[in-house]
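Reader: I'm in my first year and still learning to look at protein models. Could you take me slowly through one part of this one and show me how it connects to its surroundings?

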Amino acid sequence: MDSHDTGAPVRTGTEPRDPDRLLPADPTTRAVARDLYERVAHAPIVSPHGHVPVRWLVDDQPFSDPASLLISEDHYITRLLHASGVALDSLGVGGAPSDPRQTWRIVAENWHLFAGTASGYWLEEALDQVLEIDEALDADSADRVFNQIQNRLDTPDFRPRALFERFKIDVLATTDDPLDDLAGHAALRESGLPGRVIPTFRPDRYLDPENTQFGSSVERLLALTEETATFEGYLAALRGRREHFLHHGAVSTDHGVEEAYTHDLEPSDARRLFQRALDGTLTPAEARVFRGHMLLEMANMSVEDGLVMTLHAGVLRNHSSATFQAHGPDTGHDIPVRTDFVNGLRPLLERFGLERDFHLVLFAVDETVYSREIAPLAGFYPSVYIGAPWWFLDAPDAISRFRAAVTETAGFSRGSGFIDDTRAFLSIPARHDTARRVDAGFLARLVVEGRIRTRDAERIADDIVGAQPRRVFKL
């Protein structure tokens with residue numbers, strides 16, 4: 001076999017990226033898709049949920065090196081290398097000390113592993129479209145590419161704020177601990193940065209009694225807000241911190257849970273379980289009930305204060321205990337599980353599902369629930385919106401499957417618009433561009449098949465990237 005057959009990169013030398021990449025192969029459909037894509041290709045980015053640290057934009061310091069920027073924090077990349085026998089320590093995962101150049105060489109030597117993957121596509125997009133690298137990545141080019149990237153990162157044009165402007169980001173949401181003072185966000189508002197950078201209230205460790213940090217987190221929450229260690233004081237403390245986030249521009253709360261389970265407790269039972277949670281004496285069944293009740297309480301607070309509630313369900317965190325102990329959380333071993341939204345969310349929706357000012361955005365990693373559960377729920381409840389394909393599903397083919405699964409039941413208007421949900425700053429434009437191309441192809445097929453008119457496809461394409469996420473997230 002030749003080198004291409006053994007997994008060499010698709011692009012060689014200075015071969016340019018295909019301008020029609022990800023568009024349908026059929027010439028007639030591709031022509032329609034190209035026109036639709038060109039309408040939105042350069043539209044501003046609205047990113048109402050993500051994980052870029054606000055300090056990057058506040059401090060505006062140069063990124064230190066290609067490996068820490070593009071590899072070590074990107075579990076899409078590191079998990080597949082780990083599966084192929086690469087030690088996570090050698091990649092700098094979890095803050096492990098490593099040589100950035102050697103980490104980059106390891107990735108380059110194994111680049112063939114990413115053929116056909118979304119992570120490989122995004123990194124190539126970042127190299128080509130953002131960093132302006134015109135050489136394919138492989139073992140031979142590793143050092144040259146590393147040096148080119150490093151030279152760019154050392155220039156003012158590649159600092160975080162300059163890239164923020166270049167990416168045409170109109171709204172960027174961070175994800176923040178409820179006790180964060182949000183001083184960074186306040187500083188950014190006064191900095192003259194175009195576009196909005198807004199916080200997101202992420203209270204998971206304060207709601208889950210099985211989280212090892214629950215007791216200490218609640219203690220700090222009550223101390224900061226000067227509330228009593230009662231269930232009523234606990235709820236008041238959470239309300240107070242939500243108000244703090246609202247004051248600093250927040251539009252949403254985010255909840256990452258293994259199961260989409262809610263439970264409506266009587267007040268006396270909630271008080272009893274809260275005290276047992278503080279004492280650390282809850283049984284697993286009681287902890288599940290309390291956790292489910294607190295999701296319902298969060299929905300109640302969203303009805304009161306207007307914050308959009310996003311629910312990311314269906315991931316078993318830290319599947320590998322040994323990896324968690326050695327490298328910590330968010331290091332590539334979170335695994336999707338089956339999810340039941342219909343039964344799990346019924347108590348919440350019985351209480352608040354018909355509240356028209358309540359917005360609940362449901363994100364799934366279990367593809368089977370899109371057509372069976374989430375689209376039918378969003379197709380009835382005015383409060384429910386379909387979250388964009390998330391995590392393992394924000395890839396080209398998965399986005400197409402998502403559109404096919406939800407559109408016939410709920411149309412386009414019940415979706416959230418695309419959400420990149422990433423910490424990988426340089427991949428933000430690539431991820432939004434991917435969704436715009438795939439959606440253009442999906443809409444083009446409907447036009448060519450005579451299922452929608454061209455003018456309707458144009459309106460939908462425009463709406464998905466701008467007005468729709470603004471409506472759903474109350475921007």
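Author: Happy to! We will start at one residue, P347, and then walk outwards to the sheets and the charged pairs.

Please keep in mind from the start that this is a predicted model.

Let's find our starting point. P347 sits in helix α17, which covers residues 346–352. Is P347 buried, partly exposed or exposed? Its relative accessibility is 25%, and because buried means under 20% and exposed means over 50%, P347 counts as partly exposed.

Now look at who touches it. If we leave aside neighbours within four places in sequence, P347 is in contact with T262, H263, D264 and L296. Let's follow one of these, T262, because P347 appears in its own list of contacts too.

You will find T262 in the loop between β4 (252–257) and α13 (267–279). T262 has a relative accessible area of 2%, so it is buried. Not counting residues up to four places away in sequence, T262 touches G292, L295, G344, L345, R346, P347 and L348. Several of those names can be placed in elements: R346, P347 and L348 fall in helix α17 (residues 346–352), while G292 and L295 fall in helix α14 (residues 284–305).

The side chain of T262 also has polar neighbours. What lies 2.7 Å from a polar atom of this side chain? That is the backbone oxygen of G344. The side chain of T262 also reaches the backbone nitrogen of L348, at 3.4 Å. Try showing both G344 and L348 on your screen with T262 between them in your list: each of the two is also among the residues that T262 touches.

From the loop that holds T262, step back to β4, the strand at one end of that loop. This strand belongs to an open sheet of four strands in the order β4-β5-β8-β9, with parallel pairing. Which strands are at the edges? They are β4 and β9 (384–386), and each pairs on one side only. Going from one strand to the next, the twist averages 25°. Helix α14 (residues 284–305) packs on this sheet and touches β4 and β5 (308–313), with its direction making about 155° with that of β5. At the other end of the strand order, β8 (residues 360–364) and β9 run parallel and are joined by three bridges. For a pair to look at there, take L362, which stands opposite I386 in β9.

There is another sheet to visit. It is open as well, with three strands in the order β1-β2-β3 and parallel pairing. Here β1 (45–47) and β3 (196–198) each have a single partner strand, so one side of each is left without a neighbour in the sheet. The twist in this sheet averages 10° from one strand to the next. Strand β2 (residues 169–173) pairs with β3 over three bridges, in the parallel sense, and R196 in β3 is the bridge partner of V171. Helix α20 (residues 428–448) lies across β1 and β2, running at about 105° to β1.

Strand β2 also leads us to the charged side chains. Side chains of opposite charge can pair when their charged atoms come close. D170 forms a salt bridge with R470, and the closest N and O atoms are 2.5 Å apart. This pair links distant parts of the chain: D170 is in strand β2 and R470 is in helix α22 (residues 467–472), 300 residues apart. D170 is partly exposed, with a relative accessible area of 28%, and R470 is partly exposed with 28% as well.

R471 has a salt bridge too, with D463, where the closest N and O atoms are 2.8 Å apart. D463 is buried at 17%, whereas R471 is partly exposed at 44%. Some salt bridges share partners, and in this way R17, R21, E124 and E125 are joined into one network. The structure holds 39 salt bridges.

One more salt bridge brings us back to where we began. The side chains of E135 and R144 meet at 2.5 Å, N to O, and R144 is partly exposed at 38% relative accessibility. How far is E135 from P347? Their C-alpha atoms are separated by 55 Å, and the two residues are 212 residues apart along the chain.

Key
Residues numbered from 1 in each chain as written. Predicted model: local features only at pLDDT ≥ 70, side-chain atom pairs only at ≥ 80, totals over all residues. Heavy atoms only, no water. Pairing = 2+ DSSP bridges. Helix = DSSP H or I, 4+ residues; strand = E, 2+ residues; numbered from the N terminus. Axes fitted to C-alpha atoms, helices over the stretch in contact; angles between N-to-C directions. Contact = heavy atoms within 4.5 Å. Buried < 20%, exposed > 50% of the residue type's maximum accessible area, 1.4 Å probe, protein only. Polar contact = N/O pair within 3.5 Å; in protein donor to acceptor, adjacent residues only side chain to side chain. Salt bridge = Lys/Arg side-chain N within 4 Å of Asp/Glu carboxyl O.
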